[in-house]
Amino acid sequence: MSTAKRFMDMTWDEFQALDPAAKMPYFNRGERPYHALIAQQFNRPMLDRLCALATNIRRIAKTRDGMDFLASLLAHKRAMLYFTQPSSRTFLSFYAACQILGMKVSEVRDATTSSEMKGESHEDSVRTFSSYVDLLIMRTPIQGFAEKMAWLLSSTERPVPILNAGSGKDQHPTQALLDIYTLQRSFERIGGIEGKKIMFVGDLARGRTVRSLACLLTHYPRVKLYFVAPDSLQIGRDILDLLTAAGVEFEVSSKFEKLMPEADAIYMTRIQDEWDNPADKGKLDISNYSITARHLSLLKPTGVIMHPLPRRQEIAVEVDHDPRAVYWRQVRNGMWIRVALIAMIFGRDRDVARHFEDNLG
Amino acid sequence: MSTAKRFMDMTWDEFQALDPAAKMPYFNRGERPYHALIAQQFNRPMLDRLCALATNIRRIAKTRDGMDFLASLLAHKRAMLYFTQPSSRTFLSFYAACQILGMKVSEVRDATTSSEMKGESHEDSVRTFSSYVDLLIMRTPIQGFAEKMAWLLSSTERPVPILNAGSGKDQHPTQALLDIYTLQRSFERIGGIEGKKIMFVGDLARGRTVRSLACLLTHYPRVKLYFVAPDSLQIGRDILDLLTAAGVEFEVSSKFEKLMPEADAIYMTRIQDEWDNPADKGKLDISNYSITARHLSLLKPTGVIMHPLPRRQEIAVEVDHDPRAVYWRQVRNGMWIRVALIAMIFGRDRDVARHFEDNLG
Amino acid sequence: MSTAKRFMDMTWDEFQALDPAAKMPYFNRGERPYHALIAQQFNRPMLDRLCALATNIRRIAKTRDGMDFLASLLAHKRAMLYFTQPSSRTFLSFYAACQILGMKVSEVRDATTSSEMKGESHEDSVRTFSSYVDLLIMRTPIQGFAEKMAWLLSSTERPVPILNAGSGKDQHPTQALLDIYTLQRSFERIGGIEGKKIMFVGDLARGRTVRSLACLLTHYPRVKLYFVAPDSLQIGRDILDLLTAAGVEFEVSSKFEKLMPEADAIYMTRIQDEWDNPADKGKLDISNYSITARHLSLLKPTGVIMHPLPRRQEIAVEVDHDPRAVYWRQVRNGMWIRVALIAMIFGRDRDVARHFEDNLG
């Protein structure tokens with residue numbers, strides 16, 4: 001409450017200029033997230049509690065009674081998915097997460113159906129939409145817009161939590177959360193994420209996924225990160241500086257096959273040429289940054305192959321049948337971590353813990 | 001029942017030619033609306049009961065138990081939003097209203113996804129869609145179409161209530177209801193709407209909102225209406241004739257700033273140049289019909305500023321923070337009055353009254 | 001379970017080459033459908049049980065308690081409607097069916113909003129979408145795609161039932177089921193479908209509806225089928241061969257008016273010229289394959305007029321008021337048979353039977 005007041009006392013320009021770390025108290029309320037806007041707002045205890053909550057929810061969901069319990073948690077709340085940037089995958093994952101919690105969902109998919117064509121500002125549109133609901137999940141092409149709406153609504157009579165479901169080329173915090181959750185589940189029986197070697201492969205220059213996940217991995221002691229890509233697609237200097245500052249070991253390379261045997265997790269990414277000039281499409285040879293059946297013998301037996309999907313040729317379909325290919329499970333993890341995030345935002349994590357102890361503990 | 005029979009015995013042309021007052025018994029069932037098609041079908045007792053119901057519902061909705069009660073009222077009913085004219089705002093307001101009452105909602109947003117491209121008549125399409133649901137909420141560009149469907153379905157085995165959510169440039173009755181509700185709430189402690197001075201400003205020639213609201217205000221004794229606009233956008237002669245016939249005092253002027261201090265409510269509107277020839281856009285200077293921070297000292301301390309939204313420059317964003325700016329609350333009122341309307345159509349107003357007495361009375 | 005294993009052991013090409021009858025055990029699980037992919041997978045006992053179930057559900061649905069019971073059946077399940085081929089009618093019918101059973105529904109309507117524009121395969125997209133839900137209802141322009149997804153998902157950790165809601169010009173099995181249900185209801189008091197004369201009229205060459213229904217009618221002894229159409233639109237040789245092989249009597253003719261008095265059911269269809277070259281539109285005179293008020297005296301008093309809708313001029317609007325015009329009831333039947341189908345797939349037919357006996361038996 002007092003936090004919200006200070007938030008609203010700043011101008012948007014003042015607020016925007018803050019360091020990510022300085023924004024944490026404005027986006028979180030004590031130990032819980034209130035908004036979910038940038039990956040950096042999640043500290044290690046929060047990540048651990050989110051992962052544990054997601055796992056409990058996943059187990060509770062295995063029975064009819066459990067599903068009924070989950071659907072009772074937020075049956076009195078309404079969520080809106082405001083997605084003016086196309087995305088079926090993230091949209092449907094959030095949609096299912098809301099449904100699992102019993103929330104009633106509405107959606108805005110296309111800016112042109114809105115009043116914006118009548119000359120209304122984006123801010124007015126979204127403020128109007130927020131009036132009808134208790135939670136706003138936003139994906140827009142405008143960088144920083146979810147943050148701006150959180151700032152703007154904080155000074156009104158009716159602020160609501162805002163989840164950033166991807167803004168421009170910038171932040172996509174729930175993708176980073178699902179990746180952390182997938183790593184945590186994958187290494188559950190072999191000591192967790194700490195000390196693991198995680199290799200990012202492909203288009204590291206543009207993929208916001210890799211950038212956000214690298215930030216969150218600084219919370220895990222003794223991890224080593226590998227960035228494997230052709231020079232033109234290598235990870236940005238800013239991320240490497242951030243890792244150095246956090247004391248995280250890393251290696252930058254273009255030799256995928258040579259490094260494969262070292263990785264505990266290989267995080268494949270897609271060349272995002274939909275951002276490119278159409279004329280440049282397909283010029284880059286990425287065959288050296290792909291996994292096919294013949295590579296499987298090179299991988300650690302306990303290693304995992306991840307991918308945020310959609311994929312193109314960077315992982316051959318025949319790899320899907322290998323038990324180390326966890327990218328399909330990653331999709332489901334995305335749904336569960338979003339259920340956990342929303343439950344925690346509305347303070348229902350305690351109810352889940354109680355239900356778990358009473359019924360499955 | 002007997003009313004419906006007489007309704008269906010007329011041809012569409014005969015029915016359409018009736019005076020609005022004569023249509024009232026066909027659209028209402030005794031003291032309750034059955035359809036909601038034109039503003040004129042609501043008489044004063046109905047308006048008073050709708051406003052009281054909306055307020056009770058709004059209070060009940062403040063608790064989890066209350067939300068659960070509301071969501072049980074129509075959990076066995078399905079509503080369809082047939083919106084072939086774009087509108088996010090009205091769409092989402094109705095959507096939320098249905099969700100609050102527990103209704104299951106489906107939607108048709110785009111005529112081209114329908115069977116109409118296969119040569120089906122509009123009437124057949126909508127009759128088909130109505131088969132799947134218990135309530136039809138319609139917004140179409142075709143004037144009178146919601147009325148026509150109500151007439152057509154009344155002669156079938158399965159009529160359903162129809163709510164007009166805006167048809168062409170003509171009727172938008174729930175907008176008028178939400179405006180009445182906002183006025184009633186705003187003047188709750190200072191004697192209600194009766195005797196108040198209500199000023200309409202801006203584009204009065206084309207705005208159906210103003211026309212419908214002016215009609216409903218004839219039910220409130222001693223109100224005085226001001227129509228403030230440049231000559232080319234002044235209110236139509238037909239509305240003035242209607243007010244004269246009803247004995248309502250009014251004043252037509254182009255002097256906004258001079259009249260500001262007299263108003264109990266200032267109802268701002270947007271120049272609707274999306275109806276215009278694109279070449280004419282922006283030719284008209286509307287700066288004299290706008291409110292900025294410097295006008296706030298001119299307004300009555302008990303006055304309110306309303307706007308149906310979306311706005312453009314006619315209300316400066318800085319005005320939003322003034323407590324007399326009620327246009328954002330107006331958005332929420334729209335949702336609540338729609339909840340009340342649907343509850344009343346299905347005869348659940350008695351259940352709400354009982355719940356209110358038992359729990360909050 | 002063991003069936004699914006064998007299913008997944010085949011390659012797609014091997015599976016696709018199987019005879020429809022040979023596919024039945026892969027699509028059904030014992031006496032219940034698991035997927036609903038082709039009309040031919042439904043045998044007579046299954047059709048009888050589906051029709052009986054639909055009727056029980058329809059009766060249960062008449063009360064609030066009944067609706068609450070139905071909505072409890074699958075309240076813990078989520079369905080997805082993946083409709084990349086436009087269809088309001090079938091979409092909304094399935095949507096309502098899911099809602100009646102309490103399922104939470106999500107939708108994909110437009111392939112361009114999906115990750116397919118990022119180069120993802122159709123198979124990956126649909127597999128991703130299937131991760132979020134418990135039931136997939138698909139309509140695509142790609143022939144055989146629903147079958148392919150059923151085959152593909154059967155070899156994954158998380159197969160889900162798939163309902164084919166229309167694929168290309170090929171299969172539309174739930175349309176055939178609703179037609180059977182409409183015939184069964186229409187002839188309930190006059191001995192059922194067995195021995196009846198069923199006349200198909202109009203565009204029999206392209207309509208998948210007629211082809212599927214003709215297949216299912218081979219399960220009913222002593223029916224006689226009439227195919228009445230201009231030569232260029234007559235039924236395919238393959239269907240006639242199938243009927244001959246099944247020992248079903250039929251007659252092929254172009255004389256509609258002459259044959260009218262013989263029919264127990266007249267199944268009208270629309271000339272589907274949206275498949276045609278635009279230049280050819282309207283060239284064919286179909287006035288001899290239409291029903292108007294003047295034909296009504298020619299029809300049997302117990303006869304029924306059916307139409308899958310949408311219609312154009314082949315049935316005049318004035319015919320709607322004749323009690324033998326059952327095409328509007330057919331629309332509702334479509335919803336009920338889909339409720340029954342989904343309930344049976346999830347094994348809830350026993351719960352419905354028990355509820356019916358306890359409350360309405």
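**Where chains A and C meet, and the sheets in A and B**

Let's start with one pair of residues: A:Arg311 makes a salt bridge with C:Asp124, and their closest N and O atoms are 2.5 Å apart. Keep in mind that what you're looking at is a predicted model. That pair isn't on its own, since the count between chain A and chain C is 4 salt bridges. There are also 10 residue pairs in polar contact between these two chains, counting pairs with both residues at pLDDT 80 or more.

Now look at which parts of chain A face chain C. The elements giving two or more residues to that side are α5 (64-73), α6 (88-100) and α13 (327-345) of chain A. The largest share comes from α6(A), with 8 residues. Sort the residues on this side of chain A by type and you get 12 nonpolar, 5 polar and 11 charged.

How big is the whole thing? The size of an interface is often given as the accessible area lost when the parts come together. For chain A and chain C, the buried area is about 2,600 Å², and carbon and sulfur atoms give 52% of it. A trio to find on chain A is A:Arg64, A:Leu92 and A:Trp328: they supply 24% of the area chain A buries against chain C, more than any other three residues. In terms of residues, the contact takes 28 from chain A and 28 from chain C.

Next, go inside chain A. You'll find an open sheet of 5 strands in the order β9-β8-β7-β10-β11, paired in parallel. At its edges are β9 (249-253) and β11 (304-306) of chain A, each pairing on one side only. From one strand to the next, the twist averages 15°. Zoom in on β10 (residues 265-268) of chain A: 3 bridges join this strand to β11(A), and the two run parallel. Here A:Ala265 stands opposite A:Val304 in β11(A). Helix α10 (residues 208-217) of chain A lies across β7 (197-201), β8 (224-228) and β10 of chain A, at about 165° to β7(A).

Chain B has an open sheet too, with 5 parallel-paired strands in the order β9-β8-β7-β10-β11. Its edge strands, β9 (249-253) and β11 (304-306) of chain B, each have a single partner strand, so one side of each is left without a neighbour in the sheet. Further in, 4 bridges join β7 (residues 197-201) to β10 (residues 265-268) of chain B, and B:Val201 stands opposite B:Met268 in β10(B). Helix α9 (residues 173-186) of chain B lies across β7, β10 and β11 of chain B, running at about 170° to β11(B).

Key. Residues numbered from 1 in each chain as written. Chains lettered and ligands numbered in written order. Predicted model: local features only at pLDDT ≥ 70, side-chain atom pairs only at ≥ 80, totals over all residues. Heavy atoms only, no water. Contact = heavy atoms within 4.5 Å. Buried area = accessible area lost by both parts, 1.4 Å probe. Salt bridge = Lys/Arg side-chain N within 4 Å of Asp/Glu carboxyl O. Polar contact = N/O pair within 3.5 Å; in protein donor to acceptor, adjacent residues only side chain to side chain. Nonpolar A, V, L, I, M, F, W, Y, C, P; charged D, E, K, R; others polar. Pairing = 2+ DSSP bridges. Axes fitted to C-alpha atoms, helices over the stretch in contact; angles between N-to-C directions.
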